[in-house]
Amino acid sequence: MRFSTISLSFLSLINLSSAAATPVELAPPCGTTLYPTILQQIYEDRPFKVFANNRNFYVSQEFDASGNVYNRTYQIVGFEKIPPGSYACQLNVKFSAGYNIAASGTPTLNVKTLFNGDSNKIKSPNHWTWNKFYRGTSSPFGQGIFGTTTLTPGISSAINRCPTGGGNLAFMFEIADRVLTDANVQFKQTDKGGLYLTYNC
Ligand SMILES: *[C@@H]1O[C@H](CO)[C@@H](O)[C@H](O)[C@H]1NC(C)=O
């Protein structure tokens, strides 16, 4: 009788603690966390300009009167120095509740791998431009879509398992093809919100 009372109150304690707000930390308590060392945009309206590495994430597109997309801005997110032999690598996104994300249309984003298997090409400074990635004859992107995400405050989600192998990894974030309206999303990568990799989890 006494035992069951104790168990019961213990159980309700567990319930209470799981109901309490979980403190938000970008790094999950598992394996190793790696933050992007490269955050760089490419702009369709300035196709030959190389933009500097910065701490912002910015993706946008506009549609003209005849329904054609133009003035796209896409986001490159790069991670460097993943140890060789690391396992269970995963690309994740997490934002604290109420995190400042400026968005119009809250678009779904497609994520593609960039220079997958070509680790040496992923570095900063670099010569990355819209022209280089979207008007070239050979595609720097991996096969198909690596993952999708919709960036909203309070989310914590895995985008996908990374391609295997250590070294450097880069991803291109684009507005999903099926979004046929003006749309954009923007945030500042900080320790309270943004993209990160985990491995050895
Ligand atoms: C393209 O969009 C950016 C904002 O993303 C804006 O600053 C710029 O003026 C636009 N350019 C054109 C040609 O509409």
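**Exercise 1. Is Gln 61 buried or exposed, and what is its relative accessible area?** Then describe its surroundings.

*Solution.* Keep in mind as you work that this is a predicted model.

Step 1: Look up the relative accessible area of Gln 61, which is 5%. Buried means under 20%, so Gln 61 is buried.

Step 2: Place the residue in the fold. Gln 61 belongs to strand 3.

Step 3: List its contacts, leaving out residues up to four places away in sequence. Gln 61 then touches Val 69, Tyr 70, Asn 71 and Arg 72, and also Ile 175, Val 179, Thr 181, Asp 182 and Ala 183.

Step 4: Search for a polar partner. A polar atom of the Gln 61 side chain sits 2.8 Å from the backbone oxygen of Val 179.

**Exercise 2. Work out which residues are around the ligand, and which polar side-chain atoms lie close by in Å.**

*Solution.* Step 1: Collect the shell. Around the ligand are Asp 45, Tyr 58, Ser 60, Glu 62 and Asn 71.

Step 2: Sort the shell by class. There are two charged residues, two polar ones and one nonpolar one.

Step 3: Ask which element gives the largest share. Strand 3, residues 56-63, supplies three residues of the shell.

Step 4: Read off the distances.

- Asp 45: a polar side-chain atom is 2.8 Å from a nitrogen atom of the ligand.
- Tyr 58: an N or O atom in the side chain is 2.6 Å from an oxygen atom of the ligand.
- Asn 71: a polar side-chain atom is 2.3 Å from an oxygen atom of the ligand.

Step 5: Check the cover. On its own the ligand has 360 Å² of accessible area, and the protein covers 49% of this.

**Exercise 3. Find the strands that pair with strand 12, and say how many of its residues are buried.**

*Solution.* Step 1: Start with the cover. Strand 12 spans residues 193-199, and seven of its seven residues are buried.

Step 2: Take one partner. Strand 1, residues 32-34, pairs with strand 12 in the antiparallel sense over three bridges. In strand 12, Leu 197 stands opposite Leu 34.

Step 3: Take another partner. Strand 5, residues 90-95, is also antiparallel to strand 12, with six bridges. Here Gly 194 of strand 12 stands opposite Lys 94.

Step 4: Set this in the whole chain. The protein chain has two helices and 12 strands. Of contacts between residues at least 6 apart in sequence, 81% join residues at least 24 apart. Of the 201 residues, 41% count as buried.

**Exercise 4. Describe the backbone at Thr 106, Phe 115 and Pro 125.**

*Solution.* Step 1: Recall the usual case. Most peptide bonds are trans, and most residues other than glycine have a negative phi.

Step 2: Examine Thr 106. Its phi is near 35 degrees, a positive value. Thr 106 sits in the loop between strand 6 (101-104) and strand 7. With a relative accessible area of 40%, Thr 106 is partly exposed.

Step 3: Examine Phe 115. Its phi is also positive, near 55 degrees. Phe 115 lies in the loop between strand 7 and helix 2. At a relative accessible area of 10%, Phe 115 is buried.

Step 4: Examine Pro 125. The peptide bond joining Ser 124 and Pro 125 is cis, with omega about 0 degrees. Pro 125 is found in the loop between strand 7 (109-114) and helix 2 (130-134).

Terms used
Residues are numbered from 1 along each chain as its sequence is written. This is a predicted model: local features need pLDDT of at least 70, side-chain atom pairs count only at pLDDT 80 or more; totals for chains, interfaces and linings use all residues. Side-chain values use heavy atoms; hydrogens and water are left out. A residue is near a molecule or strand if one of its heavy atoms lies within 4 Å of it. A polar contact is a pair of N or O atoms within 3.5 Å; within protein, one must be able to donate a hydrogen and the other to accept it, and residues adjacent in sequence count only if both atoms are side-chain atoms. Accessible areas come from the Shrake-Rupley method with a 1.4 Å probe; for residues, only the protein chains shown count as cover. Helices (H or I, at least four residues) and strands (E, at least two) are DSSP runs, numbered from the N terminus. Ala, Val, Leu, Ile, Met, Phe, Trp, Tyr, Cys and Pro count as nonpolar, Asp, Glu, Lys and Arg as charged, and the others, Gly among them, as polar. Buried means under 20% relative accessible area, exposed over 50%, partly exposed in between (1.4 Å probe, protein chains only). Contact means heavy atoms within 4.5 Å. Two strands pair if DSSP finds at least two bridges between them.
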